[in-house]
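Here is a short set of exercises to work through with the model open beside you. Try each task first, then follow the solution step by step.

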Amino acid sequence: MIYDVTHKSVAAVGSDGDDADAWRARLGWAFGLIADDPAQRTAALAHLHTARRNTEEALDRFNELWSLTRPLGTDEQYREPAFKRAWEVYVDVRRHSLPEGVRDRPSRARIKECPGLPYALVFLEGEVRYPQEWTEHAKTWGTKEGLIRDVAVPDHDQAVRVKPPDLVESVVQRAYRCMDHEYVRVARAVDSEDLRRRLGMAAQSDNPWARLHAGYVLWLLDRPDVPNTRHVWRTWLAGASGTRPSPAGPRN
């Protein structure tokens, strides 16, 4: 079994205290992943491929040295210079890649203050706008779930405030993908007249997925105490009118 650094260990030298310039230097290229220009996306995907390969190679080296130094015992092992250096290299290299670079983030209570928030939103927007590319090059459902929960807070800074509602509007218009039900948290956190107007338009559109998903989210926004569960979704769906595709729904 391959040994991996625990997230707790990585977080000890993670990105929480970095400023905007440090984040930009590591992950500024990631904005190309959501570019409208196919050439820019191709270049960003090539960068991502290289970054992920570098991360895998650094992890392989760390695992190799972990195996070699394991007889020393945990305390001596982490003091062994070559092992310690391999660990540090791996931690640094992974911060230049996705999804690893946005996994090591501050607590949800501090997410609005984190200069890495725009890159978390890039990761989510890439999954929404270019799901096939995201699935092929950056798929990790657990990170998607965690980031959605992190951004589900009110009163975002003006620079990123438009992104969470935009993501909700886009997600309700497509067939269900894994962890999409978590966007209900975002809708509730950023609930506004504008968001309800957009959801209302989607619920009245010709898109059958939008009619169902947007209608369901609007129904939940009017019932903040109702949990977003598979049972609730199925119960609501049974009472919804109109043409119904065979939609998946919340998994929890």
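**Exercise 1: A20 and the largest pocket**

A20 is partly exposed, because its relative accessible area is 35% and partly exposed covers the range between buried (under 20%) and exposed (over 50%), taken with a 1.4 Å probe on protein chains only. This is a predicted model, in which local features need pLDDT of at least 70 and side-chain atom pairs count only at pLDDT 80 or more, while totals for chains, interfaces and linings use all residues. Residues are numbered from 1 along each chain as its sequence is written, and side-chain values use heavy atoms, with hydrogens and water left out.

Task: place A20 in its helix, then say which residues line the largest pocket.

Solution.
- Step 1. A20 belongs to helix α2, residues 20-27. Helices are DSSP runs of H or I with at least four residues, strands are runs of E with at least two, and both are numbered from the N terminus.
- Step 2. The largest pocket is lined by A20, R24, F31, K112, C114, P115, L117, P118, Y119, D157, A159 and V160. On a 1 Å grid over the protein atoms alone, a pocket is an open set of points with protein on both sides within 12 Å along at least five of seven lines, whereas a cavity is a set where a 1.4 Å probe fits but cannot get out; lining residues have an atom within 4 Å of a point.
- Step 3. The volume of this pocket is about 180 Å³. Grid points are joined across faces, edges and corners, and the volume is the space filled by probe spheres set on them.
- Step 4. Both α2 and α7 supply at least two lining residues, and α7 gives the most, with three.
- Step 5. By class, the lining has nine nonpolar, no polar and three charged residues. Nonpolar means Ala, Val, Leu, Ile, Met, Phe, Trp, Tyr, Cys and Pro; charged means Asp, Glu, Lys and Arg; the others, Gly among them, are polar.
- Step 6. Now compare sequence with space: A20 and L117 are 97 residues apart in sequence, yet 9.9 Å separates their C-alpha atoms.

**Exercise 2: The second largest cavity**

Task: find which residues line the second largest cavity, and which elements give two or more of them.

Solution.
- Step 1. Searching the whole structure gives three cavities of 30 Å³ or more.
- Step 2. The second largest has a volume of about 120 Å³.
- Step 3. Its lining is made of L33, L45, L48, L98, V122, F123, G126, Y130, E133, W134, H137 and A138.
- Step 4. α3 (38-69), α7 (117-129) and α8 (131-137) are the elements that give two or more residues to this lining.
- Step 5. Sorted by class, the lining holds nine nonpolar, two polar and one charged residues.

**Exercise 3: Helix against helix**

Task: for α3 with α5, α7 with α10, and α13 with α14, how do the helices pack?

Solution.
- Step 1. Set the scene: the protein has 14 helices and zero strands, and buried residues make up 45% of its 252 residues.
- Step 2. α3 and α5 (residues 81-94) pack at about 160 degrees with axes 9 Å apart. Axes are lines fitted to C-alpha atoms, for helices over the stretch in contact, and angles run from 0 to 180 degrees between N-to-C directions.
- Step 3. That pair is therefore roughly antiparallel. Angles under 35 degrees count as roughly parallel, over 145 as roughly antiparallel, 65 to 115 as roughly perpendicular and the rest as oblique.
- Step 4. α3 passes α5 in a left-handed crossing. Left-handed means that the near helix is turned anticlockwise from the far one by less than a right angle, and right-handed means clockwise.
- Step 5. α7 and α10 (residues 163-171) pack at about 20 degrees, with axes 10 Å apart, so they are roughly parallel. Their crossing is left-handed.
- Step 6. α13 (residues 208-221) and α14 (residues 230-239) pack at about 110 degrees, with axes 11 Å apart, so they are roughly perpendicular. Their crossing is right-handed.

**Exercise 4: Backbone exceptions**

Task: D155 and M179 each have a positive phi; is each one buried or exposed?

Solution.
- Step 1. Start from the background: most residues other than glycine have a negative phi, and most peptide bonds are trans.
- Step 2. D155, not a glycine, has a phi of about 60 degrees. D155 sits in the loop between α9 (141-151) and α10, and counts as exposed at 62% relative accessibility.
- Step 3. M179 has a positive phi of about 75 degrees. M179 sits in the loop between α10 and α11 (183-189), and is buried, with a relative accessible area of 17%.
- Step 4. For the peptide bonds, look from L98 to P99: this bond is cis, with omega near 10 degrees. P99 lies in the loop between α5 and α6 (100-103).
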